[in-house]
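This report walks through one model, from strand pairing to pockets. Please keep the sequence and the structure in view while reading.

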Amino acid sequence: MSGEGEGIVITKPGGWQLDHIGLAVNNLKQGVAKVEELTGAQPNLHPPEPGAPFQSASLKIGEKSFLEILGPNPSHSGFHPLKSLLRSMPPNELTLWFWYVGTDNFEKFEAKVVKAGRCIENKVAQDDPGTRGEHSTYLRGMIGPGFAPVYPNAIQWKTPPTIEAKDVPMCPMLDFKVIAADKSAVAEFFQQVGISTSHLQQSEDGKSYLALTIQAPKGDIQFKSEARKVTNMGVLKTCLADLLGACVCCPAWSLSLICNPCIAARLMPIFSDL
């Protein structure tokens, strides 16, 4: 699927490399309504991909860039770490959680990432266009190790998202910033793989952030959230809380649950994919 490209990071019309950026919500219907209330623009709701634990809506912020609103898929049955993480998002809040760059050859871009000392994790090939072509098809993955939102995810589109349709209203992107606790380390990696550092800033408070400003019918709107790393232990505790309907706040209690044979049997298949 990777094709003939060179593994470059694609620059979009307007000079941005941002392919799309994600707002995470714990309830997609409510999240979409909140974005529409805030901006005055109606996001485009997409049918869930086959078997996906998430569902999304999108708002066009550039000719080939979009703001994705990502929430748990209400029709998904069973347990999944991503669904648990989305369900754990603060109620009635819009959390700027991740961003993507596009590439013309995923495998060659991955080779650049590895050469620069990092890796690609959680690769997903979405090859099902649906019965009416309602689903985009792509190959995507997360720049790891682990999930650190100052580093983007990467995607190679096979068929583009429907948000690129010309009749979809647009809320133009005015600014995008990655505010890093350690700008020099992030900048060095960006330069090695071909990601622009023009939107990269040094944090003044020791924390990292993602920030996006768009021009909406109701005026200029800024989204800004702390870019917190997600650790394996953090995912484990979130999934346990979701599975058991409890607040998992004590490491010792968490360990005792993991050591329970019945619970461990349910968790092992889940975390083998993390």
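How many residues lie between strand 3 and strand 4 in the hairpin they form? Two residues separate the strands there. The model is a predicted one.

**Strand 3 and its partners**

Strand 3 spans residues 54-62. It is mostly covered, with nine of its nine residues buried. Strand 4 covers residues 65-72 and pairs with strand 3 in the antiparallel sense. Eight bridges hold this pairing. Within it, A57 of strand 3 stands opposite I69 in strand 4.

Strand 2, residues 44-45, also runs antiparallel to strand 3. Two bridges join strand 2 to strand 3. Here N44 stands opposite S58 in strand 3. In a regular strand, side chains alternate between the two faces of the sheet.

**K12**

Is K12 buried or exposed? Its relative accessibility is 8%, so K12 counts as buried, the cut-off for buried being under 20%. K12 lies in the segment before strand 1, which runs over 18-24. Leaving aside residues up to four places away in sequence, K12 touches L18, D19, K64 and S65. S65 belongs to strand 4 (residues 65-72).

**Two pockets**

The largest pocket holds about 1300 Å³ of space. Its lining consists of 50 residues. Nearest the centre of the largest pocket lie F54, L82, Y100, V124 and R140. F54 is part of strand 3 (residues 54-62). Strand 6, residues 119-126, gives the most to this lining, with six residues.

The second largest pocket holds about 450 Å³ of space. Its lining has 18 residues, and those closest to its centre are S88, M89, T95, W97 and R228. Strand 5 (95-102), strand 12 (219-226) and helix 5 (232-244) each give two or more residues to this lining. Helix 5 supplies the largest share, four residues.

The table sets out the lining of each pocket by class.

| Pocket | Volume | Nonpolar | Polar | Charged |
|---|---|---|---|---|
| Largest pocket | about 1300 Å³ | 28 residues | 15 residues | seven residues |
| Second largest pocket | about 450 Å³ | seven residues | six residues | five residues |

Which element gives the most to the lining of the largest pocket? Strand 6 does, with six residues. For the second largest pocket, the largest share comes from helix 5.

Notes: Residues are numbered from 1 along each chain as its sequence is written. This is a predicted model: local features need pLDDT of at least 70, side-chain atom pairs count only at pLDDT 80 or more; totals for chains, interfaces and linings use all residues. Side-chain values use heavy atoms; hydrogens and water are left out. Buried means under 20% relative accessible area, exposed over 50%, partly exposed in between (1.4 Å probe, protein chains only). Contact means heavy atoms within 4.5 Å. On a 1 Å grid over the protein atoms alone, a cavity is a set of points where a 1.4 Å probe fits but cannot get out, and a pocket is an open set with protein on both sides within 12 Å along at least five of seven lines; lining residues have an atom within 4 Å of a point. Grid points are joined across faces, edges and corners, and a volume is the space filled by probe spheres set on the points. Ala, Val, Leu, Ile, Met, Phe, Trp, Tyr, Cys and Pro count as nonpolar, Asp, Glu, Lys and Arg as charged, and the others, Gly among them, as polar. Two strands pair if DSSP finds at least two bridges between them.
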